[in-house]
Amino acid sequence: MDHFTYIDGQLSAEDVPLKALAEAYGTPFYCYSTATLVRHYTVFADALAGLDAHIHYAVKANANIAVLSTLASLGAGADIVSLGELKLTLAAGIPASKTVFSGVGKTADEMRGALEAGVHQLNVESLEELAVLSEVASGMGVMAPVAIRVNPDVDAKTHKKITTGLSENKFGIAWAQAEDVFNQARNMAGIDVVGVAVHIGSQLTDLVPYRAAYTKVRDLVERLRAQGFDIRVVDLGGGLGIPYEAENPPSPAEYGAMVKEIMGDIGCPLAFEPGRMIVGNAGVLVSRVVYVKKGIDRTFLILDAAMNDLIRPAMYDAYHAVVAVDEPASDARAPVDIVGPVCESGDTFARQRDMPVLQAGDLVAFRSAGAYGAVMSSTYNGRDLVPEILVNGAAHALVAERYTIDDMIKRQRIPDWLDNATPKEATG
Ligand code: LLP
């Protein structure tokens, strides 16, 4: 459930008509709903009631500091994958002591930065990474708190670009090597093995793979404890899917019940790293129709938003519902291709989608664009990074300014040898 509904014929974010935001800020823009963020976080937290659960919101899904700060006020910790994300979370008021640092390619500098900041835990994904971390930590005279991420070789049955728990994926320690790596880690001077971590993929719509992976992890925890490991946390990752179209993902309550069944008596804190299910349906991308181009076989709805603003359809063939901001007066619908202005055929949001009849100048909203939307945008084709707006009841605030072509030009330089307009002859 979200808080984007028609009020008096106008699609609104909570009490704010999106049309008013379009007039104030220009299109395209992202708009997030505080009430939806709060609701999703609370539903997830409630589903884990009774467990010693620690929620580390996966910052990569939406890293806007106003969104992070909203979640911080609810008690969320963070799951980060770079020092950049660490800075964002600190700026938003999430303490490092509630932060888990994930990722397959942490550099020594990033490890040092994370240890200096006092992150709660580093999730390590290879023996090679363990060796570097041990050296970095020893050099600082500390022990790094480490959860070792294992790869349970379970098919999450999601899009191949966002599945992470198969042996062919780059993530986690191969299942057959896991125990050996734990044993090597405990002999490393700078490593304090605190736990086991797993994350098998994103946009999971079925509990079966979760159940398989968590059961394997539980067995591993028991085997490790029998060998004297003091396992003080089990990090169960993120990945719970949301309904974009016809999917029917498990509810947080069903997910929570499954976790309780498998991990309820594990005897240590459990960590969770949800991203999409917290922010996905809490955001929309609002765009204006530039042209309705009538071809021979099909009609193209050409928008002012493009693949650089929302890359999910181009990258994962992802479905996003597109709705008219003015509530359609009739049920009449016709198929259109919804495209952006970028010079690539891949800049297509939907093909032959039944849409109400729209004219140039009308506004549309892409639903479920709160996760992996703005964070994955680029300036491709010399396009702005669009503004982000947070709504809270009847209040709204610009929470990310438009990043313009002037900002882009400011960060670029023309080297000395091109300083005057006439090309210099090659020398030497
Ligand atoms: N933990 C780890 C270690 C992860 O790699 C991820 C997502 C999460 C947690 C959060 O997963 P979530 O709860 O959001 O599913 N750009 C893609 C999704 C990439 C997910 C990457 N890792 C998309 O737009 O679908």
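1. Ligand shell. In this predicted model, 18 residues surround the ligand, and the ones that come nearest are Ser202, Glu273, Arg312, Tyr316 and Tyr372. Sorted by class, that shell splits evenly into 6 nonpolar, 6 polar and 6 charged residues.

2. Polar contacts to the ligand. Three are worth pulling up on screen. Tyrosine 316, already listed among the nearest residues, puts a side-chain N or O atom 2.8 Å from a nitrogen atom of the ligand. A ligand nitrogen also lies 3.3 Å from a polar side-chain atom of aspartate 79. With glycine 239 the backbone does the job: one of its N or O atoms is 2.8 Å from an oxygen atom of the ligand. As for cover, the ligand on its own would expose 580 Å², and the protein buries 91% of that.

3. Where does the ligand sit? The space it takes is the largest pocket, which holds about 670 Å³. The lining runs to 32 residues, with Lys60, Thr164, Phe171, His199 and Tyr372 nearest the pocket centre. Tyr372 thus turns up twice: it is one of the residues that come nearest the ligand, and one of those nearest the centre of the pocket. By class the lining has 12 nonpolar, 11 polar and 9 charged residues.

4. Second largest pocket. If you are browsing for other open space, this one has about 350 Å³. Its lining is made of 20 residues, and Ala374, Ser377, Leu385, Glu388 and Ala400 lie nearest its centre. The class count here is 11 nonpolar, 5 polar and 4 charged.

5. Enclosed space. Rolling a probe the size of a water molecule over the atoms shows where empty space is left. How many cavities of 30 Å³ or more turn up? The count comes to 1, and the volume of the largest cavity is about 50 Å³. Around it are Phe44, Tyr210, Gly237, Gly238, Gly239, Leu240, Tyr255, Pro274, Gly275 and Met277. That makes 6 nonpolar and 4 polar residues, with no charged ones. Note that Gly239 is in this lining and also has the backbone contact to a ligand oxygen.

6. Backbone oddities. Most residues other than glycine have a negative phi, and most peptide bonds are trans. Two spots here go the other way. Threonine 27 and proline 28 are joined by a cis peptide bond, with omega about -10°; proline 28 is in the loop that runs between helix H1 (18–25) and strand S4 (29–33). Serine 368, not a glycine, has a positive phi of about 50°. Look for serine 368 in the loop between strand S19 (363–366) and strand S20 (388–392).

Methods: Residues are numbered from 1 along each chain as its sequence is written. This is a predicted model: local features need pLDDT of at least 70, side-chain atom pairs count only at pLDDT 80 or more; totals for chains, interfaces and linings use all residues. Side-chain values use heavy atoms; hydrogens and water are left out. A residue is near a molecule or strand if one of its heavy atoms lies within 4 Å of it. A polar contact is a pair of N or O atoms within 3.5 Å; within protein, one must be able to donate a hydrogen and the other to accept it, and residues adjacent in sequence count only if both atoms are side-chain atoms. Accessible areas come from the Shrake-Rupley method with a 1.4 Å probe; for residues, only the protein chains shown count as cover. On a 1 Å grid over the protein atoms alone, a cavity is a set of points where a 1.4 Å probe fits but cannot get out, and a pocket is an open set with protein on both sides within 12 Å along at least five of seven lines; lining residues have an atom within 4 Å of a point. A molecule sits in a cavity or pocket if more than half of its atoms lie within 2 Å of its grid points. Ala, Val, Leu, Ile, Met, Phe, Trp, Tyr, Cys and Pro count as nonpolar, Asp, Glu, Lys and Arg as charged, and the others, Gly among them, as polar. Grid points are joined across faces, edges and corners, and a volume is the space filled by probe spheres set on the points. Helices (H or I, at least four residues) and strands (E, at least two) are DSSP runs, numbered from the N terminus.
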